[in-house]
Amino acid sequence: MNILDHNRIVLFTGAGMSAESGVPTYRGQGGIWNEYKWEEYACQTAFDEDPMCVLDFHELRRIEALKCEPHSGHQMIKEVQEEHDDVWIVTQNIDGIHQRAENKNVVELHGSLWRLRCENEGHIFYDLDKAEYRSRKCTCGSWLRPDIIWFNDMLDPENIERSNEHISCCDLFISIGTSGFVWPAAGYPKLAKSSGALCIEINPDPSEQSHMYDRIYHETAGEGLRKLFKSD
Ligand code: NAD
């Protein structure tokens, strides 16, 4: 069976997908948390204590992300989505590179660096990529916080539900560049397998969940996707 004969495809991407574009991972060699303490930059307590410092840190992340370009793997996903109706991306990445590569149907499990929200007046969202609003404060005067999942935050239940929905009825599940360490990511291969999906992992190194996969490509994201889609 050709890989594209599958009908419902989910690509589950982690920091390794963007690492190939040059975005640093959080942990491991060159990881952001080797340089910065997350307690000072990536949790609600830090934001409450020093919002300017936390916002500066996230502005730096945006500047760094914009220096990075989508790679051949993003382009391949775009092509697969053009050929196929039902291809979803569930990503743990917050950098917006899938969208810049014109990948569609993206569920951002951990939110987006490119959105701010006001927690005071209900949830008001400001899209930075549309330059809709460039102030660090809401019109109500409250600080706007990045709409991302920080340490100790709960995931958005709607996003979890959407991801579960797609993964539990896919027939091809492809994990790319994730250590599979963080929940609910850690449970996804099991969920996909229980729906009878063919499960494929692309990662240069073994991950926590490697034993769950039917096929493994010990490759970088771009090369693994090329082998999977172009030479199957
Ligand atoms: P992780 O840092 O735990 O794991 C990264 C994985 O990518 C590792 O298994 C590594 O072997 C693999 N990898 C490294 N280079 C690769 C490449 N070129 N191609 C394919 N795989 C490669 O990342 P995670 O599993 O995504 O989970 C950590 C958390 O960090 C997530 O919550 C995510 O939101 C967050 N994060 C996001 C970004 C981003 O938005 N780009 C960056 C760093 C961390």
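Begin by selecting arginine 100 and glutamate 69 in this predicted model, where the two side chains form a salt bridge whose closest N and O atoms are 3.8 Å apart. Arginine 100 belongs to helix 7 (residues 97–100) and glutamate 69 to the loop between helix 5 (51–66) and helix 6 (72–83), so this pair ties together parts of the chain that are 31 residues apart in sequence. Colouring by accessibility shows arginine 100 as partly exposed, at 32% relative accessibility, while glutamate 69 is exposed, with a relative accessible area of 52%.

**Along helix 6**

Next, select glutamate 102 and lysine 78, which form another salt bridge, with 3.7 Å between the closest N and O atoms. Here too distant parts of the chain are linked, since glutamate 102 sits in the loop between helix 7 and strand 3 (106–108) and lysine 78 sits in helix 6, 24 residues apart. The partners fall into opposite classes of accessibility: glutamate 102 is exposed, at 54% relative accessible area, whereas lysine 78 counts as buried, at 19%, the cut-off for buried being under 20%.

Stay on helix 6 and move to glutamine 81, which lies in that helix and counts as buried, with a relative accessibility of 3%. What lies 3.0 Å from a polar atom of the side chain of glutamine 81? It is the backbone oxygen of valine 87. If neighbours within four places in sequence are set aside, the residues in contact with glutamine 81 are Val87, Ile89, Glu102, Asn103, Lys104 and Asn105, so that Glu102, already selected as the partner of lysine 78, comes back into view.Asparagine 105, another of these contacts, deserves a selection of its own. This residue lies in the loop between helix 7 and strand 3 and is partly exposed, with a relative accessible area of 26%. Its phi is near 55 degrees, a positive value in a residue other than glycine. Most residues other than glycine have a negative phi, and most peptide bonds are trans.

**Two further backbone features**

With the backbone displayed, go to asparagine 152, where phi is again positive, at about 75 degrees, although the residue is not a glycine. Asparagine 152 is found in the loop between strand 6 (145–148) and helix 8 (157–168), and at 72% relative accessibility this residue counts as exposed.

Then select tryptophan 183 and proline 184, and inspect the peptide bond that joins them: this bond is cis, with omega at about 5 degrees. Proline 184 is placed in the loop between strand 7 (172–176) and helix 9.

**From helix 9 to a loop**

Helix 9 (residues 188–194) contains lysine 193, the next residue to select. Which residue forms a salt bridge with lysine 193? The partner is aspartate 214, and the closest N and O atoms are 2.7 Å apart. Aspartate 214 lies in the loop between strand 8 (198–202) and strand 9 (215–217), and the pair links parts of the chain that are 21 residues apart. Both partners are partly exposed, lysine 193 with a relative accessible area of 33% and aspartate 214 with one of 43%.

**The two domains**

Now zoom out and colour the chain by domain: domain 1 comprises 1–22 + 70–110 + 155–232, and domain 2 comprises 24–67 + 112–148. The centres of the two domains, taken over C-alpha atoms, are separated by 26 Å. To display the interface, look for the 9 residues of domain 1 that are in contact with 11 residues of domain 2. The area buried between the domains is about 840 Å², and carbon and sulfur atoms give 56% of that area.

How many salt bridges are found across the interface of domain 1 and domain 2? There is 1 salt bridge across this interface, and by class the side of domain 1 that touches domain 2 has 3 nonpolar, 3 polar and 3 charged residues. The interface also holds 3 residue pairs in polar contact, with both residues at pLDDT 80 or more.

**A network to finish**

Select glutamate 108 and arginine 115, whose side chains meet in a salt bridge at 3.5 Å from N to O. Glutamate 108 falls within the 70–110 segment of domain 1, and arginine 115 within the 112–148 segment of domain 2. Extend the selection to Arg117, Glu119 and Asp147, which salt bridges with shared partners join with Glu108 and Arg115 into one network. As a last step, display every salt bridge in the structure, which holds 15 of them, including the pairs visited earlier between arginine 100 and glutamate 69 and between lysine 193 and aspartate 214.

Definitions and conventions:
Residues are numbered from 1 along each chain as its sequence is written. This is a predicted model: local features need pLDDT of at least 70, side-chain atom pairs count only at pLDDT 80 or more; totals for chains, interfaces and linings use all residues. Side-chain values use heavy atoms; hydrogens and water are left out. Domain bounds come from an automatic or database domain assignment. Contact means heavy atoms within 4.5 Å. Buried area is the accessible area (1.4 Å probe) that two parts lose on being put together, summed over both. A salt bridge is a side-chain nitrogen of Lys or Arg within 4 Å of a carboxyl oxygen of Asp or Glu. A polar contact is a pair of N or O atoms within 3.5 Å; within protein, one must be able to donate a hydrogen and the other to accept it, and residues adjacent in sequence count only if both atoms are side-chain atoms. Ala, Val, Leu, Ile, Met, Phe, Trp, Tyr, Cys and Pro count as nonpolar, Asp, Glu, Lys and Arg as charged, and the others, Gly among them, as polar. Helices (H or I, at least four residues) and strands (E, at least two) are DSSP runs, numbered from the N terminus. Buried means under 20% relative accessible area, exposed over 50%, partly exposed in between (1.4 Å probe, protein chains only).
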